[in-house]
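Q: Please take a close look at one part of this predicted model, namely its sheet, and describe how the strands are put together and what surrounds them.

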Amino acid sequence: MNSFVERLLLCSALLLPAGAWAHKASDAYLQLAATEQGLSLRIDVALRDLDAALDLDADGDGRLTWGEVRAAWPAIDAYVVARLQVQGCELALNGHALEKRADGVYAALSLQSPCQPSELPMIRYTVMQEVDPTHRGLARITLGSSRPELRVLDPMHPAAWPSATAQQPAVTQAAAAAPPPLAEPTLDTSFLREGVHHIATGYDHVLFLLCLLLPAVMRRTPQGWRPVDLLKQAVWPVVGIVTAFTLAHSITLTLAALKLVALPSSLIEPAIAATIVLAAIDNLWPLFSRLPRAAVTFLFGLIHGFGFAGVLAELDLPAATFAWALLQFNLGLELGQLAIVLAVVSLLYLLRRRAAYPRWVIGGGSMAAIMVGSLWFIERTADVSVLGF
């Protein structure tokens, strides 16, 4: 990619405050292919993440310019290459470029090695290890004509392999002459864990859920909020809310991940913040009294589904592999969501009869959510950075 195109990318998408996207899950994307000609590896890392690790914004004005990125390329190359190893292969940098994605501009580095692994190689990945413990590398690994395998690489728990001098088991002459068995493609459950990770670190999605749950153990009456008498009176509304949210974000997550519907992050992220504000206001002053709360949750959940979609949409997977990864990821989201709901509703149910509950839990919690959601909305629509997460 020539420098003119890179400048256009920076002008159109890069000049954003560093904090405006700080809430977005930190993911890098790796594409590794091993063939008879050797091994090739491409890694895309968001410039906002590299800025956190390398301080690319040299003048500290909250903006990255073409000049700053051009000057930082040697540091970017050295940083990424030093934190990325493939077992049994010595990688050499083959070039770099800028790649525009829905959520910003990424540094795309290409690496090569003449090695020809006979089985899926292990990857040691420590990018962002010292900066962001929530960062993940999402890897698509292809060995020859085999079906791609997906791996989620956690820099806090990088792969380790024995040294080359370690004692190897003896190999008979017959075994050495025999062709290696074809590796059966495997699909692990790493994307199940990644779904849990994304809901747990998706602070805006969690805050939206909390706004919906705060009044779940109370009844709104003409005399004000009154606690429910039985647990089932709180459980069934919560079941309706959670089911509506699950169905809604599953629909848009699937459509967006399949690239059947595409909306820019510049629209989706402020909209997610707005759903938090509206849900919190509805707790204080009914905005949607004519609609069941589950129906409102469904409509807002459609927006939140787009916020989860980038994880899978960027990997360009075959249909079967994509379907399995999507199923795992969505199930992980639901398991994480269920754990949050069970913990929160249990606590709220125990607190519901306290006289201060309506004022401090519903009122105070909703006001806090309105403030945080509003600040997020400002961050995501204007050139300011207010919150650090």
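A: A good place to enter the sheet is the pairing of β2 with strand β5 (residues 104-113), which is antiparallel and runs over eight bridges. Within this pairing, Ala46 has Tyr106 of β5 as its bridge partner. Strand β2 itself spans residues 38-46, and because seven of its nine residues are buried, it is largely enclosed by the rest of the structure. In a regular strand, side chains alternate between the two faces of the sheet.

Turning to β1, its pairing with β2 is likewise described as antiparallel, here over seven bridges, and Leu32 finds its bridge partner in Leu41 of β2. The connection between β1 and β2 is a hairpin that passes through two residues.

Strand β1, which covers residues 27-35, is also joined to strand β7 (residues 136-143), and this pair runs parallel, with eight bridges between the two strands. One of the positions that can be followed here is Ala28, whose bridge partner in β7 is Gly137. Helix α5 (residues 190-201) packs on the sheet, where it touches β1, β7 and β8, and the direction of the helix makes about 40° with that of β8.

Taken as a whole, the sheet is open and consists of six strands in the order β4-β5-β2-β1-β7-β8, with mixed pairing. The edges are occupied by β4 (92-101) and β8 (149-153), each of which has a single partner strand, so one side of each is left without a neighbour in the sheet. On average, and with direction ignored, neighbouring strands of this sheet are turned by 20° against each other.

The chain beyond β2 also deserves a look. Helix α2 comprises residues 47-54, and among its residues Leu47, Arg48, Asp49, Leu50 and Asp51 are buried, a group that contains charged as well as nonpolar side chains by name. Just after α2, Asp55 adopts a positive phi of about 55°.

For a view of the surface, one can turn to helix α7 (residues 231-257), in which Leu231 lies. Leu231 is partly exposed, because its relative accessible area of 42% falls between the limits of 20% for buried and 50% for exposed residues. Together with Val235, Trp236 and Val239, Leu231 makes a nonpolar surface patch of about 370 Å². An α-helix has 3.6 residues a turn, so residues three or four places apart point the same way.

Notes:
Residues numbered from 1 in each chain as written. Predicted model: local features only at pLDDT ≥ 70, side-chain atom pairs only at ≥ 80, totals over all residues. Heavy atoms only, no water. Patch = residues over 30% accessible without salt bridge, like charges linked within 9 Å, V, L, I, M, F, W, Y side chains within 5 Å. Areas by Shrake-Rupley, 256 points an atom, 1.4 Å probe, with all protein chains shown as cover. Salt bridge = Lys/Arg side-chain N within 4 Å of Asp/Glu carboxyl O. Helix = DSSP H or I, 4+ residues; strand = E, 2+ residues; numbered from the N terminus. Buried < 20%, exposed > 50% of the residue type's maximum accessible area, 1.4 Å probe, protein only. Pairing = 2+ DSSP bridges. Axes fitted to C-alpha atoms, helices over the stretch in contact; angles between N-to-C directions. Contact = heavy atoms within 4.5 Å.
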